[in-house]
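I opened this model to look up how its parts touch one another. These are my notes, in the order in which I looked.

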2 protein chains.
Amino acid sequence: MAKSGLSIKDIARAANVSHSTVSRALRNSPLVNVQTADQIRKIARDANFRISAVARSLATGRTNTFGVVVTTIADPFAAEVVQGVEEAANSHGYSVILANSGANPEREMKVVHSFEERRVDGILVMSSRVGSLYLRHLTEMKVPIVLINNQHPEEFVYSVMIDNIAASEEATRHLIQLGHRRIAYLGDRGGFQSENERCQGYRQALAAANLPCSPDLIRQGDSTPEGAVQVIDEWLARAQPPTAVFCYNDISAVGALLAARRHGLNVPADLSVMGFDDLPLASYLNPTLTTIRQPMRDMGRQATGILFHLLDGSAESSRRVSGELIVRESTAAPRKSG
Amino acid sequence: MAKSGLSIKDIARAANVSHSTVSRALRNSPLVNVQTADQIRKIARDANFRISAVARSLATGRTNTFGVVVTTIADPFAAEVVQGVEEAANSHGYSVILANSGANPEREMKVVHSFEERRVDGILVMSSRVGSLYLRHLTEMKVPIVLINNQHPEEFVYSVMIDNIAASEEATRHLIQLGHRRIAYLGDRGGFQSENERCQGYRQALAAANLPCSPDLIRQGDSTPEGAVQVIDEWLARAQPPTAVFCYNDISAVGALLAARRHGLNVPADLSVMGFDDLPLASYLNPTLTTIRQPMRDMGRQATGILFHLLDGSAESSRRVSGELIVRESTAAPRKSG
DNA sequence: CTGAAAGCGCTTACAG
DNA sequence: CTGAAAGCGCTTACAG
C-alpha cells in the first residue's frame, strides 16, 4: 500500500472546498455544482489521485469484490469459467479475488474464511469436490454464494450446472446412430453428481435404443489420462471389446486415445472415442476429439449474473445450461457392424 | 458485504474487556494475558466472528493483497504462472486479485488504476503485449511491480524472465545433433523481446555448427495454430523443404503438426517439430511434442518472492530462469541425410 | 497487562 | 449547492 498517498482532503485543499464536496464530485453526485465538480475532477486527475477503495468500502459496507474458489486455476475448465466471471464482474466495476483450494477441505475452509474477512460481496465456488463440512458452512453464510457444476445433489444454494443427463444421452445417441452396439462408459471416481448424471444419460440412451446395458462396459476412471489407459487396456483385452467409448471428460478421452494408439488401433476406425467438456485442447488432438461442449465462459458469466441479482434483491433461481454435441474426427461408424 | 456483522466491540462486550484488548488477542499480541486471550478467542470462534480486513487495512495501511494482470487467464501459460503466484501469496496470508487485460491498452490502464484504488501491496504483470503508454505509467507507480516475461528490453522494473537465447540455442542444437541441416524457425509476430531472443538463439546455434542461416527459413507466425499452418504450407511447397522446424511456442507447434498431417507427412520421420513452453497439452499431442519447458509455476513463485522482498525493503534484482529441453516424440533424425 | 483516545480515508444524513 | 459532524471497524501509541 502506498505509504503516504493523497487523500480527498488534499484535493479539497487544492480546490478550496470541503472534502465532502470532493467526495461528491468524485462520485459524480448531482448534488454538486457542475463547474466545481469538473474543476475538482481535473485537479484530482492532474495529481494522479486514486481514491481509497478500502476507506470507501468501510464507509459504504460494500467492497465491489467477489471471491472465486477453484480447485486449481491450472485446470483449463476452471480457467475458462474464471475468464467469464472476470469479464462479467469487471464490466460492473467489480474485482475478483482468486483462491485455489487444491481439493483440500482445510484449505477450502480457510479460503472461505479469508473471503469473509475481506468482506467480499459474493462468492463463486467451482471447487468440484467440496467437502460436506465445508458445504454446511457455506449454507450458513450471510454472503450470497453461487456454485458452478455443484457436485452435491442438495439444492441448498444457487448454482449453474450443465444438463448432464441430456448431454450424455445425446453423446451416446450419436454413437448409437453411427452404428455402435458395444458402447462403453468410462466414468470418473464415483459419488458425485455429474458422474451419476452422465452415467444415467448413457444408460437412458441405450435403453431408448433397446440396447443392453452391460455392467462390465461401465468402469470408473479418475479423470486422468493414466487412469483412463488402465481401464481401456482392460477392455481391449476382452474377446469382445467395445467399439466405442464415451468418456466422462476430455482428459479421460486423451487417455483413451493414448491407449488405443499403444494397442495399434486406429481411432475412429477401430475404436470411437467421445469426450465431454470441449476443452481448447480437444481440437488440437490427433485425431481431433468429438465431445460435448460445456459453455464454460457463459457459465461463469451466468453465475456472476446470479450474484448481481442476489445483491440487488431480485428473485433468482439455479440455472441449467445445455451442452452441445461437437462432432470431430474421433468418432465414426464401427469397422464391422455389431 | 454482510449487512450487520459482528465487530470487535461485540466480542469485547461478551468478554468483558475493551475492544483494544480484543484486537490484541485476535492478533496474538504478547501484550495480553494468556488466559484472557484464550477466552476472547474462544468467544470469537463460537460467535463465528470474522474480523474486518477492510477496517484493518485502513488502520494499518496494508491490504495483504497483490494484483495480477494477465492478457487472459484462459491462456494455459498465464494460468500456470498464476497458480504459482497464488500458492506463494497464500502461504504468506496474501490474497490475489486477478484481472484480464485482453491485450487492450485501455483496459490495461483501467486495471492498474483499479489496483491502485484497492491499495494492493504489489502488482504482477504478465500481459506480454503491454503498450508503452501503460509502461510509462507503471514506472511512476509507488507500488512495487514485477513483470513476468517482460516483452520490453528496458530494465525499468523488476522482472523474471526465461533465458530465451540459451534455451533456443539448446533447442536448435538438439535438432542439429539429430542430423538436421535445413532447420526452419517459425517465430511470433515481430517486435517483442522474447521473439527476438529466441530467433537469436536459433541463429547462434546454426553459426556455432557452421550451418548457413537461410533468410527464407525464418518466418513469422502469430502464435496460433492457423498462422503456423500457413507458414508451414509455404515451406513444404518448396523444392528443398526444411527437415525440421523450431517453433516460437507450443501453440505454433500444434499448427506445424497439423500442417504436416495435412500434407501426409509423418512427424518426426519426414519433419521434426519442436515447440517452446511445455504446456500441459504438449504431452497429450500425437506425436507428443519435444519442447523447451518454461518453469511456469516457479516463475510465478519467484515473481511473488521478489514482491515480498521489495515489501520488506530487501535488495532485489530481476531474475533469469532456465528452460529445460524435453525430448519427446516429435523430433528425430531426418529420413535422408542432408 | 489494560483501556481511553486518536486516527486511518472515505460517505452521507443533517442543517443551512 | 455546500460544509461540519458522525460513523464505518479496526490498530496502536500513550498513560496507567
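**Entry 1: the DNA strands.** I began with DNA strand C. H2 and H4 of chain A, together with H2 and H4 of chain B, each supply at least two residues of the surface near this strand. Helices (H or I, at least four residues) and strands (E, at least two) are DSSP runs, numbered from the N terminus. A residue is near a molecule or strand if its C-beta atom, placed from the backbone, lies within 6 Å of it.

The model is predicted: local features need pLDDT of at least 70, side-chain atom pairs count only at pLDDT 80 or more, and totals for chains, interfaces and linings use all residues. Residues are numbered from 1 along each chain as its sequence is written, while chains are lettered from A and ligands numbered from 1 in the order in which they are written.

Which residues come nearest to DNA strand C? I found A:Ile8, A:Ser23, A:Ala55, A:Ala59 and B:Ser20, out of 25 residues around that strand. The surface there divides into eleven nonpolar, eleven polar and three charged residues. Here Ala, Val, Leu, Ile, Met, Phe, Trp, Tyr, Cys and Pro count as nonpolar, Asp, Glu, Lys and Arg as charged, and the others, Gly among them, as polar.

I then turned to DNA strand D, which 25 residues surround. The closest are B:Ile8, B:Ser20, B:Ser23, B:Ala55 and B:Ala59. Helices H2 (19–26) and H4 of chain A, and H2 (19–26) and H4 (53–60) of chain B, give two or more residues each to this surface. By class I noted eleven nonpolar, eleven polar and three charged residues near DNA strand D.

**Entry 2: chain A against chain B.** The contact takes 43 residues from chain A and 43 residues from chain B. Two residues are in contact if their C-beta atoms, placed from the backbone, lie within 7 Å. On the side of chain A, the elements giving two or more residues include H5 (76–90), H6 (105–117) and H11 (250–262). That side has 21 nonpolar, eleven polar and eleven charged residues.

I also checked the strands. S2(A) and S2(B) (residues 95–100) run antiparallel and are joined by three bridges; two strands pair if DSSP finds at least two bridges between them. A:Ile97 stands opposite B:Ile97 of S2(B).

**Entry 3: two helix pairs.** In chain A, the axes of H2(A) and H3(A) (residues 34–46) come within 9 Å and cross at roughly 90°. H2(A) is therefore roughly perpendicular to H3(A). Axes are lines fitted to C-alpha atoms, for helices over the stretch in contact, and angles run from 0 to 180 degrees between N-to-C directions. Angles under 35 degrees count as roughly parallel, over 145 as roughly antiparallel, 65 to 115 as roughly perpendicular and the rest as oblique.

In chain B, H1(B) (residues 8–15) packs with H3(B) (residues 34–46) at about 120°, the axes being 10 Å apart. This pair is therefore oblique. B:Ile11, B:Ala14 and B:Ala15 of H1(B) meet B:Gln39, B:Ile40, B:Ile43 and B:Ala44 of H3(B). I counted six nonpolar, one polar and no charged residues in this contact.

**Entry 4: a sheet in chain A.** Four strands form an open sheet in the order S7-S6-S8-S9, with parallel pairing. Its edge strands are S7 (218–220) and S9 (272–274), each pairing on one side only. S6(A) (residues 183–187) pairs with S7(A) over three bridges, and A:Gly187 has A:Gln220 as its bridge partner in S7(A). Helix H10(A) (residues 225–236) lies across S6, S7 and S8 of chain A and runs at about 155° to S6(A).
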